[in-house]
Amino acid sequence: MKKISFQENKNVIYRQLKLARVQKGLSQSQLAARMQLMGVNMDQQMISKIENNHRIVTDYELACFCMILEQDIAYLLEDFYKHHVE
């Protein structure tokens, strides 16, 4: 099975996700619980793996993170835009 990565990253939102979560005052477990309420099968360990750049993020997970954290997609993709858009 081919490993999915982008320039050695499993995802490009890990830094901004953690920052937004902490600013919102949520623990990883609380964020996972809110994801579950939206129908996304996710637990605290999955949030940890995402924040430590060890797990990919799907498009629907990204959309749900944005809704829960009250951030737009551009905010979570900020690091990507800074390094890859001219």
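**Leu-17 and the helices around it**

Leu-17 sits in helix H1, which spans residues 14-24; helices here are DSSP runs of H or I with at least four residues, numbered from the N terminus. The model is a predicted one, so local features need pLDDT of at least 70 and side-chain atom pairs count only at pLDDT 80 or more, while totals for chains, interfaces and linings use all residues. Residues are numbered from 1 along each chain as its sequence is written, and side-chain values use heavy atoms, with hydrogens and water left out.

With 0% relative accessibility, Leu-17 counts as buried (under 20% relative accessible area, with a 1.4 Å probe and protein chains only). Leaving aside residues up to four places away in sequence, Leu-17 touches Leu-31, Ile-50, Glu-51, Phe-65, Leu-69 and Leu-76, where contact means heavy atoms within 4.5 Å.

Leu-17 has buried company in H1: Tyr-14, Gln-16, Ala-20 and Arg-21. Together they cover an arc of only 165 degrees around the axis, so they lie on the same side of H1; the arc is taken from the directions from the helix axis to the C-beta atoms. As for the general rule, an α-helix has 3.6 residues a turn, so residues three or four places apart point the same way. The buried residues of H1 pack against helices H2 (28-37), H3 (44-51), H4 (59-69), H5 (73-76) and H6 (78-84).

Right after H1 comes Gly-25, with a positive phi near 80 degrees.

Conventions. Helices (H or I, at least four residues) and strands (E, at least two) are DSSP runs, numbered from the N terminus. Buried means under 20% relative accessible area, exposed over 50%, partly exposed in between (1.4 Å probe, protein chains only).
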